[in-house]
Every structure is written in structure tokens, then in C-alpha cells.
Amino acid sequence: MLYAFGAGEVPISVSGGTSRRLLHTIREVGPVTRALGALAPGSLVGLRGPFGTAWPLREARGRDLVIAAGGIGLAPLRALIDAVCRE
């Protein structure tokens, strides 16, 4: 969850990043996502999560892989695709 102070919070998936920075893909469609999109680099946002489990990349090694997504649903899979391409 990302929180834009004064506007509210929205569920936005992590779409990549490093141990020091997270990357999010945000589609500006409502007041909160527009507020997040209007922020300048270095602005403060609230963050809650991430929740869930990691992709089982070790178990998938050497096997066929199919990744299916559409539209903005591809953003949460970006980190997986990057990791697969690196391997």
C-alpha cells in the first residue's frame, strides 16, 4: 500500500527495485494515484507491506516458464521477469 499524505492510500504492487529503493508502476486514474504522480523526486510517501511470498526461482530452474499478464497487471511481475532474464 502506498499512502499520499492528505490524499489517502492505494494498493500498488512493487514492480522492482533494490535493497535500498523500491520501484512502483502507478497508473494515474484517481485522486490518490494522481497525488502520487504529482510528487517530486525525493518526496515522502507512506508505505505498508509488501506482503506475500517470493517467487520460487530455484525450484523453477531448468524448467519451462510461462508468464501471463495483461495491462497494468504486468507491473507486479516485472521483478520476476528481470530475475529470470538475469539467470
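**Exercise 1. Locate Tyr 3 and describe its surroundings in the predicted model.**

Solution. Tyr 3 lies in strand β1, where strands (E, at least two residues) and helices (H or I, at least four residues) are DSSP runs, numbered from the N terminus. Residues are numbered from 1 along each chain as its sequence is written. This is a predicted model, in which local features need pLDDT of at least 70 and side-chain atom pairs count only at pLDDT 80 or more, while totals for chains, interfaces and linings use all residues; side-chain values use heavy atoms, with hydrogens and water left out.

Step 1: accessibility. Tyr 3 has a relative accessible area of 30% and is therefore partly exposed; buried means under 20%, exposed over 50%, and partly exposed in between (1.4 Å probe, protein chains only).

Step 2: contacts, meaning heavy atoms within 4.5 Å. With neighbours within four places in sequence set aside, Tyr 3 touches Gly 8, Glu 9, Leu 36, Val 45 and Gly 46.

Step 3: distance. Tyr 3 and Leu 36 are 33 residues apart along the chain, and their C-alpha atoms are separated by 8.2 Å.

**Exercise 2. Derive the strand order of the sheet that contains β1.**

Solution. Two strands pair if DSSP finds at least two bridges between them.

Step 1: β1 covers residues 2-4 and pairs with β2 in the antiparallel sense over three bridges. Within this pairing, Tyr 3 has Glu 9 of β2 as its bridge partner.

Step 2: the open sheet has three strands in the order β2-β1-β5, with antiparallel pairing. Its edge strands are β2 (8-10) and β5 (46-47), each of which pairs on one side only.

Strands of a sheet pair through backbone hydrogen bonds, either parallel or antiparallel.

**Exercise 3. Describe how β3 and β4 are joined.**

Solution. Step 1: strand β4 (residues 22-24) runs antiparallel to β3, and three bridges join the two. One bridge partner pair is Gly 17 with Leu 22 in β4.

Step 2: β3 and β4 form a hairpin, with four residues between them.

Step 3: check the confidence. pLDDT is the predictor's confidence in each residue, from 0 to 100. Confidence in the protein is lowest in β3 (residues 14-17), at a mean of 80, and highest in helix α1 (residues 31-37), at 97. The mean pLDDT of the protein is 86, and 99% of its residues reach 70 or more.

**Exercise 4. Place Arg 78 relative to other parts of the chain.**

Solution. Step 1: Arg 78 lies in helix α3 (residues 78-86). Its relative accessible area is 36%, so Arg 78 is partly exposed.

Step 2: beyond neighbours within four places in sequence, Arg 78 is in contact with Ser 15, Gly 16 and Leu 23.

Step 3: Arg 78 and Arg 34 are 44 residues apart in sequence, and their C-alpha atoms are 22 Å apart.

**Exercise 5. Summarise the protein as a whole.**

Solution. Step 1: the protein has three helices and five strands, in the order β-β-β-β-α-β-α-α from the N terminus.

Step 2: the C-alpha trace spans about 50 × 25 × 20 Å along its principal axes. Of the 87 residues, 18% count as buried.

Step 3: among contacts with a separation of 6 or more, 47% involve residues 24 or more positions apart.

Step 4: the exposed area is about 6900 Å², of which carbon and sulfur atoms supply 55%; accessible areas come from the Shrake-Rupley method with a 1.4 Å probe, and for residues only the protein chains shown count as cover.
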